[in-house]
Amino acid sequence: MAGITPLSHGSLTIKGLKPNDAKTFIGYVPQNNQINWNFPLSVRQVVEMGLIKKNTFNPFSRGTNKHIVEDSLSKVGLLDRLDENINNLSGGQIQRVLLARTLTQGADILLLDEAFSAVDVGAEEDVMKIINDIKQDGKTILIATHDINNIEDKFDEVLCLNRHCCAFGDPSEVLTEDVIEEMYGSHNQILREHRPGNHGEHSGN
Amino acid sequence: MVNTVGIELLIEPLKYDFMVRALITSIFSGIMLSVLGSFTINKNMGFMADAMAHATLPIIAVGVFFGFSISSLGAPAAIVIALLLGFIIKNTNIGEDTSIGIIFSSFFALGFVLISVLDVSINLEDLLFGQILAVSTLDVFVLFILFTIVLSILFIFFKQILFYSFDPIGAQVRDLNVTFLNYLFLIILALSIVGSLQTVGIVLVLSMLLIPAAAAKLVTETFVKSIKISALFGGVSSVTGLYLSYYFNLPSGPTMSLVASGIFVLSFLSKKLMSRPKLINP
């Protein structure tokens, strides 16, 4: 969807366009380990990256850009951290900054790659609240995750993949034992008792 | 009185034309390398930069054999090396460090063999450690052109290169031409390295590239500020090293490197002192 990996077969269109032509609609939140954290960038600089295009040749920030950046940061509740070094933020705050970057971009479709892999439970709730707010603004949000805990509470629809489409639909309906086994294969014993609303005896619930 | 003596000490070497040329060269090289260095250290490309410097040897050997001066070979050599390194790293799956190591040692060895086989009259010591006092007016002019090109490209593509360096996949999704940006950075890095070979030489160019940038990173909070301070440290190291080498009859390239190292040590100590936990009064 992001136009990075070529399609092996089939076709994919976004708003009637091929993925490579639809990149302006896509806002991407990468996995934490895909980012080079060596760079001591400020929160402002990271959020402003949402405005960078292939014809951006001005190294300075325009006044109007500052308002867009501040607006996006206030939506994720981090306006007070505008000039903070991004490396000083927690995992959940970094996810919120990266979400603000997609808001700055004005993307209609947000792709979040393992959005909750580096955040604790409390921060995950904060990020989910912001995601729900963004959803209310009419944006489409797609999240890739391996964590199926409470999945029915978080998402409207799930697409279960394991080299092929195992199931698609309302998580409370499609996440059956067969589907979980199909997705996790031999590891499904751990998740055998996992159901929407029931996380099995191994989960401590 | 003290001020007058200080000014005389600064002006006295400049009565020699070769010292004026050396001073201009040292400022251009010091600033250009240290600005690029801020990107290089954060992109973990120090080894790549070292390989670029060493890989110039065979190109210089062949160029000098055909009658070209070392400075006029700078730009084409840099572009060839940058494209070659970028291509080999991208198209082999043996690991970036291994690829760089192979190119580094092979090219350096080839350079020595070519110098011997072609019987080229190159002073190897000057090439390895720099000979800033021997730069000609043409060398200064060529370096000025390189300085202008490198910093202009970095200035124009600053935001795109920074985005790509920080978040390569995010930049690709945002439709930036990441392959172009990758090669563009490699080319300007190679241009700055090759352009500075006469100042500090193949072996020591890395010190002027990395040390001021590393020292600046220690004492600054943000990337843009670290670039500015790195340029300052680079310029000060080069000029101070040049003056020290003049007054104490020291080799100029190594003296510049040692001044940069001194600045790094001071930065490290000041960082340590500033970050010491404060005692709370009982």
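In this predicted model, strand 4 (residues 158-161) of chain A shows a neat alternation of side chains: Val158(A) and Cys160(A) point to one face and are buried, while Leu159(A) and Leu161(A) point to the other and are not. Strand 4 of chain A doesn't stand alone, as four bridges link it to strand 5 (residues 165-169) of chain A, and the two run antiparallel. Of the buried pair in strand 4 of chain A, Cys160(A) has Ala167(A) in strand 5 of chain A as its bridge partner. Three residues sit between the two strands of this hairpin, where Arg163(A) takes a positive phi near 70°.

Elsewhere in chain A, three strands make up an open sheet, ordered 1-2-3, with parallel pairing. Strand 1 (26-29) and strand 3 (140-144) of chain A are the edge strands; each has a single partner strand, so one side of each is left without a neighbour in the sheet. Direction ignored, neighbouring strands here are turned by 15° against each other on average.

As for the pairing itself, strands of a sheet pair through backbone hydrogen bonds, either parallel or antiparallel. Strand 1 of chain A is joined to strand 2 (residues 109-113) of chain A by four bridges, and these two run parallel. Tyr28(A) is found opposite Leu111(A), which belongs to strand 2 of chain A. The strands 1 and 2 of chain A also share a helix: helix 3 (residues 91-105) of chain A lies across both. Relative to strand 1 of chain A, helix 3 of chain A runs at about 165°.

Notes. Residues numbered from 1 in each chain as written. Chains lettered and ligands numbered in written order. Predicted model: local features only at pLDDT ≥ 70, side-chain atom pairs only at ≥ 80, totals over all residues. Pairing = 2+ DSSP bridges. Axes fitted to C-alpha atoms, helices over the stretch in contact; angles between N-to-C directions. Contact = placed C-beta atoms within 7 Å. Buried ≥ 20, exposed ≤ 12 C-beta atoms within 10 Å, placed from the backbone.
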